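The exercises below ask you to read a protein model closely, moving between single residues and the whole chain. Please look at the sequence and the structure before turning to each solution.

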Amino acid sequence: MADIAANLNSIAESLPPHVQLIAVSKTKPVSDILEAYEAGHRAFGENKIQEMCDKHDEMPKDIEWHMIGHVQTNKIKYMAPFVHLIHGCDREKVVKVVEKEAAKNNRVIDVLLQVHIAEESTKFGFDEAELTEYLESGRWKECTHVRLRGLMGMATFTEDTAQVRREFDALKRLFDRWKDTVGESFDTLSMGMSGDYSTAIEAGSNMVRIGSSIFGERNYAG
Ligand SMILES: *Cc1c(COP(=O)(O)O)cnc(C)c1O
């Protein structure tokens, strides 16, 4: 059994102050999330909308829920009333549906655009050309109920730290390139997981998404 509070505290203490920790609780029971909550943690990440909604119903309402997974557009309506930040906006269609559902809820929803930086084709996201086209077009400005807060990316799953670093550096360069165009709200670079967050922080990440190092290994791939 993982000592969740101890893991959480030691990771939190090791992070530079400008880096926010999202505790990734996907597949883990509410009792595990409560342990982290009681240790003072409030930001949790889930990768399935239905699971996040169920946990939101059961858990204290001051939790910030982060959707870090691939987003099915027909389910956005379920999280629109409460989601804190959607990391996985991996195509324009997602942004448009978030806009529609945010408007219905009289909210402005914060999102990150997910960029495909890994070698693996299984990972989702805008590629560099699509991101450039989308941001240059200005179409995102029509979504007045969506606030573009930054970028998110996942590196290749590999022991090759140099490759991981190159991929994170590439995302940081894109982030810096678009910061001035989008404006002041574009301040979040979400990159780094249990296996690679130190590398991500060296490359300029200011938000890390950490699951197994806090809650222990998951029983099934999330
Ligand atoms: C599962 C997941 C994480 C956390 O992974 P760990 O290796 O358990 O830290 C981070 N980001 C995303 C997008 C994930 O799906």
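**Exercise 1.** Find which side chain places a polar atom 2.7 Å from the backbone nitrogen of Thr 27, and describe the surroundings of both residues.

*Solution.* The model is a predicted one, and in it the backbone nitrogen of Thr 27 lies 2.7 Å from a polar atom of the Glu 51 side chain. As a next step, place the two partners: Thr 27 belongs to the loop between β1 (20-24) and α2 (30-38), whereas Glu 51 is found in helix α3, which covers residues 49-58. Then list the neighbours of Glu 51, leaving out residues up to four places away in sequence: Glu 51 touches Ser 25, Lys 26, Thr 27, Lys 28 and Glu 46. Finally, check the backbone of Thr 27, where phi is near 70°, a positive value in a residue other than glycine.

**Exercise 2.** Determine whether Asn 106 is buried or exposed, and state where in the chain Asn 106 is placed.

*Solution.* Begin with the position, which is in the loop between α5 (92-104) and β5 (109-115). The relative accessible area of Asn 106 is 72%, and exposed means over 50%, so Asn 106 counts as exposed. The phi of Asn 106 is near 50°, again a positive value in a residue other than glycine.

**Exercise 3.** Describe helix α6 from its start to the residue that follows, and name the elements against which its buried residues pack.

*Solution.* At the start of α6, a side-chain oxygen of Asp 127 reaches to within 3.1 Å of the backbone nitrogen of Ala 129. Within the helix, which spans residues 128-137, the buried residues are Leu 131, Thr 132, Tyr 134 and Leu 135. An α-helix has 3.6 residues a turn, so residues three or four places apart point the same way. The buried residues of α6 pack against α5, β5, β6 (146-153) and α7 (161-182). After the helix comes Gly 138, whose phi is positive, near 75°.

**Exercise 4.** Explain why the protein can be called as compact as a globular protein of its length.

*Solution.* First take the inventory of elements, which is 9 helices and 8 strands. The radius of gyration is 17 Å, close to the 17 Å that the globule rule gives for 222 residues, and therefore the protein is as compact as a globular protein of that length. To complete the description, note that 51% of the 222 residues count as buried, and that, of the contacts with a separation of 6 or more, 59% are between residues 24 or more positions apart.

Conventions: Residues are numbered from 1 along each chain as its sequence is written. This is a predicted model: local features need pLDDT of at least 70, side-chain atom pairs count only at pLDDT 80 or more; totals for chains, interfaces and linings use all residues. Side-chain values use heavy atoms; hydrogens and water are left out. Helices (H or I, at least four residues) and strands (E, at least two) are DSSP runs, numbered from the N terminus. The radius of gyration is taken over C-alpha atoms; the globule rule is 2.2 Å times the number of residues to the power 0.38. Buried means under 20% relative accessible area, exposed over 50%, partly exposed in between (1.4 Å probe, protein chains only). Contact means heavy atoms within 4.5 Å. A polar contact is a pair of N or O atoms within 3.5 Å; within protein, one must be able to donate a hydrogen and the other to accept it, and residues adjacent in sequence count only if both atoms are side-chain atoms.
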